[in-house]
Amino acid sequence: MKVLSLILTGFVAVEHVFILVLEMFLWKTEFGMKTFQLTPETAEITAKLAKNQGLYNGFLAAGLFWALFFIKDQNQKFQTILFFLICIVVAGIYGSATAKFSILFSQGLPAFLALVIHWIANKK
């Protein structure tokens, strides 16, 4: 169960790196505009906002990677992963309510599943 917890947490971290790339570097490309259902005009106007948003997704990923690979104390690792996964779940809920409902499933659900497995795998 602990291995599954680490795998799911790693998946969530990689997903947020992918989101960072989409929002910071691919926003105005054909792929980015198709992914986010944007017109070229809207993509141009919102590009700076997307880069900022992408940076925040990168921080979420960095926090998870930091916990997975650099924190040795198991209690601190547990608490740090818990914190970042909760942040992502909350962001997924908020994003689904304010931006696009599918965010609940594309970002919120993977983080929620990782959170539940992380909690179960590490309860004492």
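Helix H1 (helices being DSSP runs of H or I with at least four residues, numbered from the N terminus) buries Ser5, Thr9, Gly10, Val12, Ala13, Glu15, His16, Ile19, Leu20, Leu22, Glu23 and Met24, where buried means under 20% relative accessible area with a 1.4 Å probe, protein chains only. The model is predicted, with local features needing pLDDT of at least 70 and side-chain atom pairs counting only at pLDDT 80 or more, while totals for chains, interfaces and linings use all residues. Residues are numbered from 1 along each chain as its sequence is written, and side-chain values use heavy atoms, with hydrogens and water left out.

The 24 residues of H1 (residues 2-25) should span 34 Å at 1.5 Å a residue, and the end C-alpha atoms are 34 Å apart, which agrees; the expected span is 1.5 Å times one less than the number of residues. The buried residues of H1 pack against H2 (30-36), H3 (40-69), H4 (74-98) and H5 (103-122).

How do H1 and H4 meet? What is known is that Thr9, Val12 and His16 in H1 touch Ile81, Leu85 and Ile88 in H4, contact meaning heavy atoms within 4.5 Å. By class, this contact of H1 with H4 has four nonpolar, two polar and no charged residues, with Val, Leu and Ile counted among the nonpolar, Thr and His among the polar, and Asp, Glu, Lys and Arg as charged.

Turning to helix H3, Trp66 is found there. Trp66 is partly exposed, with a relative accessible area of 41%, the partly exposed range lying between the buried limit of 20% and the exposed limit of 50%. Leaving aside neighbours within four places in sequence, Trp66 is in contact with Ile71 and Thr80.

Key
Helices (H or I, at least four residues) and strands (E, at least two) are DSSP runs, numbered from the N terminus.
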